Amino acid sequence: MPKTKISSTDLIWIFREKLSSFDDCSPSIPIGIVPSDNGWIAVTPARYRTGHPICVRRIKALEKQLREVYVLAKD
């Protein structure tokens with residue numbers, strides 16, 4: 001199945017929408033989308049990774065789901 005091309009901005013918006021459904025994770029946590037060898041990865045600042053481990057696990061789980069559906073569009 002072909003993956004849908006998406007901009008990093010739209011991808012961040014999807015992360016925020018999905019995170020808003022969880023009570024234990026703020027959708028305002030800083031997220032960046034970075035191109036990688038495997039397509040893209042979601043990154044957060046170190047301060048949030050250590051201070052909000054539950055959010056980081058949720059972001060990684062969402063990343064795994066979304067990477068199967070979306071490919072980062074070329075700018």
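The following legends describe an overview and several close-up views of a predicted model.

**Figure 1. Overall fold of the protein chain, with three helices and four strands.** Read from the N terminus, the elements follow the order β-α-β-β-α-α-β. The C-alpha trace extends over about 35 × 25 × 20 Å along its principal axes. The radius of gyration of the protein chain is 12 Å, which agrees with the value near 11 Å for a compact globule of 75 residues. Of the contacts between residues at least 6 apart in sequence, 55% join residues at least 24 apart.

**Figure 2. Surface and charges of the protein chain.** The accessible surface amounts to about 5,200 Å², and carbon and sulfur atoms account for 55% of this area. Buried residues constitute 28% of the 75 residues. The chain carries 12 positive and 8 negative charges, and the mean positions of the two sets lie 4 Å apart.

**Figure 3. The largest nonpolar core, a set of 18 residues.** In soluble globular proteins, nonpolar side chains tend to be buried together. In this core, the residues that touch the most other members are L11, F15, I31, I33 and W40. At least two core residues are supplied by each of α1 (8-19), β3 (39-43), α3 and β4 (70-72). Helix α1 provides the largest share, namely five residues.

**Figure 4. Surroundings of L11, one of the core residues with the most contacts to other members.** Beyond residues up to four places away in sequence, L11 touches I6, I33, W40, L66 and Y70. Two of these partners, I33 and W40, are themselves listed with L11 among the core residues that touch the most other members.

**Figure 5. Close-up of I31 in the loop between α1 and β2 (32-36).** The relative accessible area of I31 is 10%, so this residue is buried, the limit being under 20%. When neighbours within four places in sequence are left aside, I31 is in contact with I12, F15, R16 and L19, and also with A42, V43, T44 and I59. The C-alpha atoms of I31 and T44 are 5.0 Å apart, although 13 residues separate the two along the chain. I31 also belongs to the group of core residues that touch the most other members.

**Figure 6. Close-up of T44 in the loop between β3 and α2 (46-51).** T44 counts as buried because its relative accessibility is 10%, which falls under the 20% limit. Apart from neighbours within four places in sequence, the contacts of T44 are P30, I31, R49, V56 and I59. The C-alpha atom of T44 is 6.4 Å from that of G32, a residue twelve places away along the chain. The residue I59 is in contact with T44 and likewise with I31.

**Figure 7. Close-up of E63 in helix α3 (residues 53-67).** Is this glutamate, E63, buried or exposed? Its relative accessible area is 7%, and E63 is therefore buried. With neighbours within four places in sequence excluded, E63 is in contact with F15, W40, I41 and A42. Of these partners, F15 and W40 are among the core residues that touch the most other members. A42 is in contact with E63 and also with I31.

**Figure 8. Close-up of D10 in helix α1.** D10 has a relative accessible area of 43% and is therefore partly exposed, as this class lies between the 20% and 50% limits. Which distance separates D10 and L72 in space, C-alpha to C-alpha? The C-alpha atoms of D10 and L72 are 9.9 Å apart, whereas the two residues are 62 residues apart in sequence.

Technical notes:
Residues are numbered from 1 along each chain as its sequence is written. This is a predicted model: local features need pLDDT of at least 70, side-chain atom pairs count only at pLDDT 80 or more; totals for chains, interfaces and linings use all residues. Side-chain values use heavy atoms; hydrogens and water are left out. Buried means under 20% relative accessible area, exposed over 50%, partly exposed in between (1.4 Å probe, protein chains only). Contact means heavy atoms within 4.5 Å. The radius of gyration is taken over C-alpha atoms; the globule rule is 2.2 Å times the number of residues to the power 0.38. Accessible areas come from the Shrake-Rupley method with a 1.4 Å probe; for residues, only the protein chains shown count as cover. Lys and Arg count as positive and Asp and Glu as negative; His and the chain ends are not counted. The place of a charge is taken as NZ of Lys, CZ of Arg, CG of Asp or CD of Glu. A nonpolar core is a set of buried Ala, Val, Leu, Ile, Met, Phe, Trp, Tyr and Cys residues joined through side-chain atoms within 4.5 Å.
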